[in-house]
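Visitor: Please choose one part of this model and take me through it closely, along with whatever surrounds it. I would like the terms explained as they come up.

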Amino acid sequence: MIKLISFFLLLIASYLGWWAVTYAAVEWWCGTFLLAACAVGLLLRWKAAKYLWNTIAFVASLGWLILIVRLALKGWPTSDYLDTVISLIPGALLLIVCLAGSQAVAAHYRVSGKTEKP
């Protein structure tokens, strides 16, 4: 599972890096390096990577929830409830990935007999 999470993080880091280069958006490099460092750190069992993943998952989840609240305050959901439910599916999947990833990372670092690197 950790390899899948690391691949997912590297994929997103690649996309952010492409975005930063294409649009000369230097501020996106910070996210690119943080995601890549987290991916490498999880694979190498760096202790800091556990906290970095939890921070990334928390910020992504909180950002999605804040966006939903802001949309709801502006008059969303619309009268078509099917479209509303369908539009919530990607965010719900994001929350599931964040929660399941946090559990997998916690289990990865809880394995007995293996030492954590500083």
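Guide: Helices are DSSP runs of H or I with at least four residues, strands are E runs of at least two, and both are numbered from the N terminus. In those terms, the part to look at is Arg 45, which lies in the loop between H2 and H3. The model is a predicted one, in which local features need pLDDT of at least 70 and side-chain atom pairs count only at pLDDT 80 or more, while totals for chains, interfaces and linings use all residues. Residues are numbered from 1 along each chain as its sequence is written, and side-chain values use heavy atoms, with hydrogens and water left out.

The backbone of Arg 45 has a positive phi of about 60°, although the residue is not a glycine. As background, most residues other than glycine have a negative phi, and most peptide bonds are trans. Arg 45 counts as buried because its relative accessibility is 11%, where buried means under 20% relative accessible area, exposed over 50%, and partly exposed in between, with a 1.4 Å probe and protein chains only. Ala 24 offers a useful counterpart: it has a positive phi of about 50° and is likewise not a glycine, and it lies in the loop between H1 and H2, but at 62% relative accessibility Ala 24 counts as exposed.

What stands beside Arg 45 comes from far along the chain: His 108 is 63 residues from Arg 45 in sequence, yet the two are 8.3 Å apart in space, C-alpha to C-alpha. His 108 lies in helix H4 and is buried, with a relative accessible area of 19%. Leaving out residues up to four places away in sequence, His 108 touches Ile 2, Leu 42 and Arg 45, contact here meaning heavy atoms within 4.5 Å. On the H3 side of the loop, Lys 47 is found in helix H3, and Lys 47 and Tyr 109 are 62 residues apart in sequence but 8.1 Å apart in space, again C-alpha to C-alpha. Lys 47 is partly exposed, with a relative accessible area of 38%.

The two helices on either side of the loop also meet. Helix H2 (residues 28–43) and helix H3 (residues 47–73) pack at an angle of about 135°, with their axes 9 Å apart; axes are lines fitted to C-alpha atoms, for helices over the stretch in contact, and angles run from 0 to 180 degrees between N-to-C directions. That angle makes H2 oblique to H3, since angles under 35 degrees count as roughly parallel, over 145 as roughly antiparallel, 65 to 115 as roughly perpendicular and the rest as oblique. The crossing of H2 and H3 is left-handed, a term for a near helix turned anticlockwise from the far one by less than a right angle, with clockwise giving right-handed. From H2, the residues Leu 34, Leu 35, Ala 37, Cys 38, Gly 41 and Leu 42 meet Ala 49, Lys 50, Leu 52, Trp 53 and Ile 56 of H3. By class, the contact of H2 with H3 holds nine nonpolar residues, one polar and one charged; Ala, Val, Leu, Ile, Met, Phe, Trp, Tyr, Cys and Pro count as nonpolar, Asp, Glu, Lys and Arg as charged, and the others, Gly among them, as polar.

One member of that contact, Cys 38, is buried at 0% relative accessibility. Its sulfur is 11 Å from the closest cysteine sulfur, in Cys 98, which is too far for a bond. The structure holds zero disulfides, a disulfide being a pair of cysteine sulfur atoms within 2.5 Å.

His 108 leads back to a second packing contact. Helix H1 (residues 2–22) and helix H4 (residues 81–110) pack at an angle of about 130°, with their axes 10 Å apart, so H1 is oblique to H4. H1 passes H4 in a left-handed crossing. Ile 2, Ile 5 and Phe 8 of H1 make the contact with Val 97, Gly 101, Ala 104, Val 105 and His 108 of H4. That contact of H1 with H4 has six nonpolar, two polar and no charged residues.

Finally, H1 and H2 pack at an angle of about 160°, with their axes 8 Å apart, and they are therefore roughly antiparallel to each other. H1 passes H2 in a left-handed crossing, and by class their contact has 18 nonpolar, four polar and one charged residues.
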